[in-house]
Amino acid sequence: MRHYDAEQVNTLLDYPSLVEALRKAHATGTMPQLDVTVLSENGNSANMFVSLIAWASGDVIAVKLVGVFPGNTALTPPQPSVQGLVALLDATTGAPIATCDGAALTFRKTAADSALGVDLLARKDAETLLVLGAGGLAPHVIEAHTSVRPSIKRVLIWNRNPEKARALAARMNHVSASVEAITSLDEALPQADIVSCVTMATEPMVRGALLKRGTHVDLIGAYMPNMREADDDVARRAGRIFVDAHNNEEGSGDVAGPLAAGVVTREDIVADLFDLCSGRHAGRESADQITMYKNVGGGHLDMFTARHLMRS
């Protein structure tokens, strides 16, 4: 049995090949059997421990054990807020095949998930990417999105702490686009062709009224019903919502909120990656359409990613 450390995961899971692996998995496969258990420390802490199991009959079983500790970034020295382990087992015999660093795999699969959404839904001529957030996932999102949209010429980074945005921008000189930190989110939103949110926000930051026509909105945070990254106007102007998977889509406030407000209905959640990659839904209908994509996540994505890692 082999173990892949963080460096090996990051080296082997390059974004072009991982995005294509996820595309193929969604185009030719079906949702595996899933199980999720979430525990919070003492029942009321922000710290959580999550176990996710994805079982594809006759193929592989992926088991992800991950801790989510938001305060880790304030430690000395800082630690990732998401850490854990992913194990891959043979679904026919139950024999262990491999283990890998859970934090690195989570960053890679999450960024590739949204990058696949960008490739399927964003305009082909998108030039400006606006990223909200400057945490550990943000550089992965920039790398993944620019890999599927080489048309991107500018990357704008906004963060509540401007210094973090400037520090991230300085580290991203290896990407083909120019990267800069910005301080006015309201001024940046009308310029963006793609808006990607990687935050822990509980109140909406993306104002739909400020979006220009044709913008693609990629929502990665807000993984709980009480969290929001986009206001109701984003869903209102989009008119419909795309998700990576219908499983647990209402667990996010960015879906549950517009539904509760009557801005959209369940019928307006029109397609997931299985629908888009298989061709059952065409995705974007016009150059002026605003597309809203919610990256929900799930154990099936960890399984698809770990399986690709084994074959790399």
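How many cavities of 30 Å³ or more does the structure hold? Just one, and it opens this set of close-ups of a predicted model.

**View 1. The largest cavity, with a volume of about 40 Å³.** Here you're looking at an enclosed space and the residues around it. Its lining is made up of Tyr4, Val86, Ala87, Leu88, Ala98, Thr99, Cys100, Ala306, Leu309 and Met310. Strand 5 (82-90), strand 6 (96-101) and helix 10 each give two or more residues to that lining. Sort the lining by class and you get nine nonpolar residues, one polar and no charged ones.

**View 2. The second largest pocket, with a volume of about 190 Å³.** Around this pocket sit Ala21, Lys24, Ala25, Thr28 and Gly29, along with Phe304, Arg307, His308 and Arg311. The elements giving two or more residues here are helix 2 (15-28) and helix 10 (299-311). The mix is an even one: three nonpolar, three polar and three charged residues line the pocket.

**View 3. Helix 2 against helix 10.** The axes of helix 2 and helix 10 come within 10 Å and cross at roughly 120 degrees, so the pair counts as oblique. As for handedness, helix 2 passes helix 10 in a right-handed crossing. On the helix 2 side, look for Ser17, Leu18, Ala21, Leu22, Ala25 and His26. They meet His300, Leu301, Phe304, Thr305, Arg307 and His308 in helix 10. Six of the residues in this contact are nonpolar, five are polar and one is charged. Some names will ring a bell from View 2: Ala21, Ala25, Phe304, Arg307 and His308 are among the residues that line the second largest pocket and also take part in this helix contact.

**View 4. Helix 3 against helix 10.** Now helix 3 (residues 102-121) comes into the frame. Its axis and that of helix 10 come within 10 Å, crossing at roughly 105 degrees, which means that helix 3 is roughly perpendicular to helix 10. Leu105, Thr106, Lys109 and Asp113 in helix 3 do the touching on one side, and Leu301, Asp302, Thr305 and Ala306 in helix 10 on the other. By class, this contact has three nonpolar, two polar and three charged residues. Ala306 may look familiar, since that residue also lines the largest cavity.

**View 5. Helix 2 against helix 3.** What angle do the axes of helix 2 and helix 3 make where they cross? It's roughly 70 degrees, with the axes coming within 9 Å, so this pair is roughly perpendicular. From helix 2 come Tyr15, Leu18, Val19, Leu22, Arg23 and His26. Facing them in helix 3 are Phe107, Arg108, Lys109, Ala111, Ala112, Asp113, Ala115, Leu116, Asp119 and Leu120. This contact divides into 10 nonpolar residues, one polar and five charged.

**View 6. Two spots in the backbone worth a look: proline 77 and alanine 222.** Most residues other than glycine have a negative phi, and most peptide bonds are trans. Proline 77 is in the loop between strand 4 (60-68) and strand 5. The peptide bond leading to it from threonine 76 is cis, and its omega is near -5 degrees. Alanine 222 is found in the loop between strand 11 (216-219) and helix 7 (232-238). Its phi is near 50 degrees, a positive value in a residue that isn't glycine.

Notes:
Residues are numbered from 1 along each chain as its sequence is written. This is a predicted model: local features need pLDDT of at least 70, side-chain atom pairs count only at pLDDT 80 or more; totals for chains, interfaces and linings use all residues. Side-chain values use heavy atoms; hydrogens and water are left out. On a 1 Å grid over the protein atoms alone, a cavity is a set of points where a 1.4 Å probe fits but cannot get out, and a pocket is an open set with protein on both sides within 12 Å along at least five of seven lines; lining residues have an atom within 4 Å of a point. Grid points are joined across faces, edges and corners, and a volume is the space filled by probe spheres set on the points. Helices (H or I, at least four residues) and strands (E, at least two) are DSSP runs, numbered from the N terminus. Ala, Val, Leu, Ile, Met, Phe, Trp, Tyr, Cys and Pro count as nonpolar, Asp, Glu, Lys and Arg as charged, and the others, Gly among them, as polar. Axes are lines fitted to C-alpha atoms, for helices over the stretch in contact, and angles run from 0 to 180 degrees between N-to-C directions. Angles under 35 degrees count as roughly parallel, over 145 as roughly antiparallel, 65 to 115 as roughly perpendicular and the rest as oblique. A crossing is left-handed if the near helix is turned anticlockwise from the far one by less than a right angle, and right-handed if clockwise. Contact means heavy atoms within 4.5 Å.
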